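Colleague: Please take one part of this model and go through it closely, strand by strand. I would like to see how that part pairs with its surroundings and what lies around it.

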Amino acid sequence: MLAPDHAEHFGSHWMIQQFQLLLRHGRGRLRLVAEGTGYGVYDFRLQMTLEPEPVVHDGVMFVHSYGDKVQALDAATGDLLWQYSRKLPKGTNPGPKKAMALFGLRLYVPTSDAHIVALDVKTGRVTWDAA
């Protein structure tokens with residue numbers, strides 16, 4: 001997992017400047033609260049269960065969810081920036097994923113049909129797909 005200099009990772013919690021990101025695994029929810037007051041900044045309900053922990057970089061949180069979906073969220077507001085959905089070949093069932101990786105301007109994501117796709121971090125567009 002990669003994070004900007006102003007964020008630190010603690011188990012399933014991210015400390016982002018003065019905020020704390022609470023991940024509720026298995027429930028498909030992300031909640032950002034102000035660290036000192038507990039005031040909720042946003043509570044984002046995902047359409048599916050979270051798989052690996054999110055990757056946070058440069059103010060964007062990348063979430064990989066069941067069903068080969070990746071969402072980019074504004075880490076400060078919870079606004080959806082883009083979503084990538086992998087169309088699986090007939091007969092391929094979605095499987096669990098263990099990790100995503102970020103390098104440069106690409107987010108590397110495993111798929112249920114045994115590929116790795118590189119997504120442009122700004123747009124979610126596939127820049128390459130390798131089996």
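Modeller: I116, a residue of β12, is the bridge partner of P110. This is a predicted model, and the part to look at is β12 with its two neighbours. The pair P110 and I116 belongs to the contact between β11 and β12, two antiparallel strands joined by five bridges. In general, strands of a sheet pair through backbone hydrogen bonds, in either a parallel or an antiparallel way. Between β11 and β12 the hairpin has five residues, and A114 there takes a positive phi near 65°.

On the other side, β12 is joined to β13 by four bridges, again with the strands antiparallel. Two of the partners can be named: L119 is bridged to V126 of β13, and V117 is bridged to D129 of β13. The hairpin of β12 and β13 also has five residues between its strands, and G124 in that turn has a positive phi of about 80°.

These pairings are part of an open sheet of four strands, with the order β10-β11-β12-β13 and antiparallel pairing. β10 (101-103) and β13 stand at the edges with a single partner strand each, so each has one side without a neighbour in the sheet. On average, neighbouring strands of this sheet are turned by 20° against each other, direction ignored.

How much of β12 is buried? Four of its five residues are buried, and the strand is mostly covered. What follows β13 can be set against that. A131 lies in the segment after β13 (126-130). A131 counts as exposed because its relative accessibility is 86%, and the cut-off for exposed is over 50%. Even so, A131 has contacts further back in the chain: leaving aside neighbours within four places in sequence, A131 is in contact with A114 and H115. A114 is the residue with the positive phi in the hairpin of β11 and β12. A131 and I116 are 15 residues apart in sequence, while their C-alpha atoms are 6.5 Å apart in space.

β12 also takes part in the largest nonpolar core. That core has 14 residues, and F62, V70, W82, L107, V109 and L119 touch the most other members. The elements giving two or more residues to this core are β7 (60-65), β8 (69-74), β9 (80-85), β11 (106-110) and β12 (116-120). A second, separate core has five residues, including V56, V63, L73 and A75.

V70 shows what one member of the largest core touches. Not counting residues up to four places away in sequence, V70 touches V63, H64, W82, Q83, Y84, L107, V109 and L119. H64 stands opposite V70 in β8, and β7 and β8 are antiparallel strands joined by six bridges. They belong to another open sheet of four strands, ordered β6-β7-β8-β9 with antiparallel pairing. Its edge strands are β6 (55-57) and β9, each pairing on one side only. Here neighbouring strands are turned by 15° against each other on average, direction ignored.

A word on confidence is needed too. The chain has an average pLDDT of 76, and 60% of the residues score at least 70. Over residues 1-26 the pLDDT stays under 50, and the model has 73 contacts beyond four places in sequence for them.

Technical notes:
Residues are numbered from 1 along each chain as its sequence is written. This is a predicted model: local features need pLDDT of at least 70, side-chain atom pairs count only at pLDDT 80 or more; totals for chains, interfaces and linings use all residues. Side-chain values use heavy atoms; hydrogens and water are left out. A nonpolar core is a set of buried Ala, Val, Leu, Ile, Met, Phe, Trp, Tyr and Cys residues joined through side-chain atoms within 4.5 Å. Buried means under 20% relative accessible area, exposed over 50%, partly exposed in between (1.4 Å probe, protein chains only). Contact means heavy atoms within 4.5 Å. pLDDT is the predictor's confidence in each residue, from 0 to 100. Two strands pair if DSSP finds at least two bridges between them. Axes are lines fitted to C-alpha atoms, for helices over the stretch in contact, and angles run from 0 to 180 degrees between N-to-C directions.
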